[in-house]
Amino acid sequence: MTGLLVVTAVPAEAEAVRQGLADPTTVTVVPVGVGPAVAGAATARLLALAEAAGRPYQGVVSAGVAGGFPGRVPVGGTVLGDHSVAADLGAESPEGFLPVEELGMPAELLGAPSVLAADPTLLTRLRQRLPGATVGPVLTVSTVTGTVTSTAALVARHPTAVAEAMEGYAVAVAADQARLPFVELRTISNPIGPRDRAAWQLGTALTALTAAAAALGPTGDQAATPPGC
Ligand SMILES: O=C(O)c1cccc(C(=O)CC[C@H]2O[C@@H](n3cnc4c(=O)[nH]cnc43)[C@H](O)[C@@H]2O)c1
């Protein structure tokens, strides 16, 4: 049994998670790169290799920093994604953005819906361990939102979304294909809005990520099973 796989984008996020783990032997943390393509491909490879070696993971977490929708979660806040959403998977039209489900393709050709729900058991466990976390949909985008107009459009399309990042949905698809439980855990480095990269509070978000990572401890079952068995 190999325990949880935690996938981050960059090494600083992975290190922040590792520092917070109560029992690092039950959690594997891997920085895989920025954006959905590399995150999905790398996660799928890690899951397949573990499975082929006879040591499958028990669950997958997409963790790292994120932009928070103003008024919903502050910089430094912690977010648990109850859904991970492919927010820019679709088509533009004169009437506005069309999600991939509305492009007229048969559903079976899509491979996965554009909104994937977190595993209820994993989410419930993390909610109990992180009572201060904001829970809601987390958007996955290939382009960081950076204007008032695009922020307003996202809010209109996803009125309950709490944060955006660049990997969660892709990691969720990899977990879904491997039939593994998934959840997204984010801490907020910046408000979503007009781009101001210099104002991102990465240190604050990474400190919050370390604190939140303490919740990624083992279940009773995992605690009784040493890694590698
Ligand atoms: O330069 C550093 O030291 C450093 C430390 C930690 C993280 C970074 C990143 O560049 C993280 C990139 C990562 O952050 C997510 N993110 C954060 N804010 C947003 C946002 O407003 N919109 C979309 N994504 C955001 C994203 O998942 C990136 O992969 C640098």
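Which strand or helix gives the most to the shell around the ligand? Strand S3 does, with four residues. Helices (H or I, at least four residues) and strands (E, at least two) are DSSP runs numbered from the N terminus. The model is predicted, so local features need pLDDT of at least 70, side-chain atom pairs count only at pLDDT 80 or more, and totals for chains, interfaces and linings use all residues. Residues are numbered from 1 along each chain as its sequence is written.

Confidence is considered next. pLDDT is the predictor's confidence in each residue, from 0 to 100. The chain has a mean pLDDT of 94, and 94% of its residues reach 70 or more. Over residues 220-229, however, pLDDT stays under 50. For that segment the model has 13 contacts beyond four places in sequence, a contact being a pair of residues whose C-beta atoms, placed from the backbone, lie within 7 Å. For the complex, the predictor gives an ipTM of 0.96 and a pTM of 0.94.

The surroundings of the ligand comprise 20 residues, of which Ala9, Ala12, Gly67, Ala165 and Met166 come nearest. A residue is counted here if its C-beta atom, placed from the backbone, lies within 6 Å of the molecule. Two or more residues of the shell are given by each of helix H1 (11-20), strand S3 (59-68), strand S9 (163-165) and strand S10 (182-191). By residue class, the shell divides into 12 nonpolar, five polar and three charged residues. In this division Ala, Val, Leu, Ile, Met, Phe, Trp, Tyr, Cys and Pro count as nonpolar, Asp, Glu, Lys and Arg as charged, and the others, Gly among them, as polar.

Ala9, one of the residues that come nearest to the ligand, lies in the loop between strand S1 (4-8) and H1. Ala9 counts as buried because it has 21 C-beta neighbours inside 10 Å. The cut-offs are 20 or more other C-beta atoms within 10 Å for a buried residue, 12 or fewer for an exposed one, and partly exposed in between, with C-beta atoms placed from the backbone. Beyond four places in sequence, Ala9 touches Pro31, Gly33, Val34, Ala39, Gly64, Met166 and Glu167. Ala9 and Ala63 are 54 residues apart in sequence, yet their C-alpha atoms are 8.0 Å apart.

The interior of the chain can be followed through its largest nonpolar core, which has 64 residues. Such a core is a set of buried Ala, Val, Leu, Ile, Met, Phe, Trp, Tyr and Cys residues joined through C-beta atoms within 7 Å. Val6, Val17, Val60, Val79, Ala163, Val183 and Leu209 have the most contacts inside this core. The largest share of the core, seven residues, comes from helix H5 (residues 168-177). Val183 touches Val61, Leu80, Gly81, Ala118, Asp119, Leu122, Leu123 and Leu126, when residues up to four places away in sequence are not counted.

H5 itself is mostly covered, with eight of its 10 residues buried: Gly168, Tyr169, Ala170, Val171, Ala172, Val173, Ala174 and Ala175. Asp176, also in H5, counts as partly exposed because it has 19 C-beta neighbours inside 10 Å. Beyond four places in sequence, Asp176 is in contact with Ala112, Leu116 and Phe182. Ala112 is found in the loop between strand S6 (98-99) and strand S7 (115-117). Besides Asp176, Ala112 is in contact with Val173 when neighbours within four places are left aside. The C-alpha atoms of Ala112 and Asp176 are 8.4 Å apart, although 64 residues separate the two in sequence.

After H5 comes Arg179, found in the loop between H5 and S10. Its phi is near 60 degrees, a positive value in a residue other than glycine. Arg179 is exposed because 8 other C-beta atoms lie within 10 Å.

Thr210 belongs to helix H6 (residues 202-213) and is partly exposed, with 17 other C-beta atoms within 10 Å. Thr210 touches Ala16, Gln19 and Gly20, residues up to four places away not being counted.

For "domain: Nucleoside phosphorylase", an unreviewed UniProt entry lists residues 18-202. UniProt positions are given in the numbering used here, feature names are shortened, and annotations may be inferred rather than shown by experiment. Over residues 18-202 the chain is 28% helix and 28% strand, with the end C-alpha atoms 16 Å apart.

Methods:
Contact = placed C-beta atoms within 7 Å.
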